Amino acid sequence: MNWKFTGDRPVYLQIKDQLRGAVLSGEYPPGAKIPSVRDMATEAKVNPNTVQHALHELEQEKLLISHGTNGRFVTEDPDILDDL
């Protein structure tokens, strides 16, 4: 992903929005595994806790599903995807 941040909003919200956009654009299709927190934080040049916060919110929205140590995946639920 091409991470770009502005100073007008918290970075975790910008990460969350960019990930949601990546799902909508098909960069991360339904069922796709997303990069780990550490990998994403390194790529975006932010603190891993910031990425974790964004991912946690996307899990609460049910856009991402956690499979424990196997990582996080984009939901395959068509109702959730249609709501986006």
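I take contact to mean heavy atoms within 4.5 Å, and helices (H or I, at least four residues) and strands (E, at least two) to be DSSP runs numbered from the N terminus.

The model is predicted, with local features needing pLDDT of at least 70 and side-chain atom pairs pLDDT 80 or more, while totals for chains, interfaces and linings use all residues. Residues are numbered from 1 along each chain as its sequence is written, and side-chain values use heavy atoms, leaving out hydrogens and water.

**Helix 2**

I looked up which residues of helix 2 (residues 37–44) are buried (under 20% relative accessible area, 1.4 Å probe, protein chains only), and found Val 37, Met 40, Ala 41 and Ala 44. They span an arc of only 100° around the axis, so they sit on the same side of helix 2; the arc is taken from the directions from the helix axis to the C-beta atoms. Their packing partners are helix 1, helix 3 and strand 2 (72–74). On the face turned away from that buried side I noted Arg 38 and Thr 42 as exposed, meaning over 50%. Just after helix 2 comes Lys 45, with a positive phi near 60°.

**Helices 1 and 3**

Next I checked how helix 1 (residues 11–25) packs with helix 3 (residues 48–60): the angle is about 50° and the axes are 8 Å apart. That makes the pair oblique, the class left over once under 35 degrees (roughly parallel), over 145 (roughly antiparallel) and 65 to 115 (roughly perpendicular) are set aside. Axes here are lines fitted to C-alpha atoms over the stretch in contact, and angles run from 0 to 180 degrees between N-to-C directions. Among the residues making the contact are Leu 19 of helix 1 and Leu 58 of helix 3.
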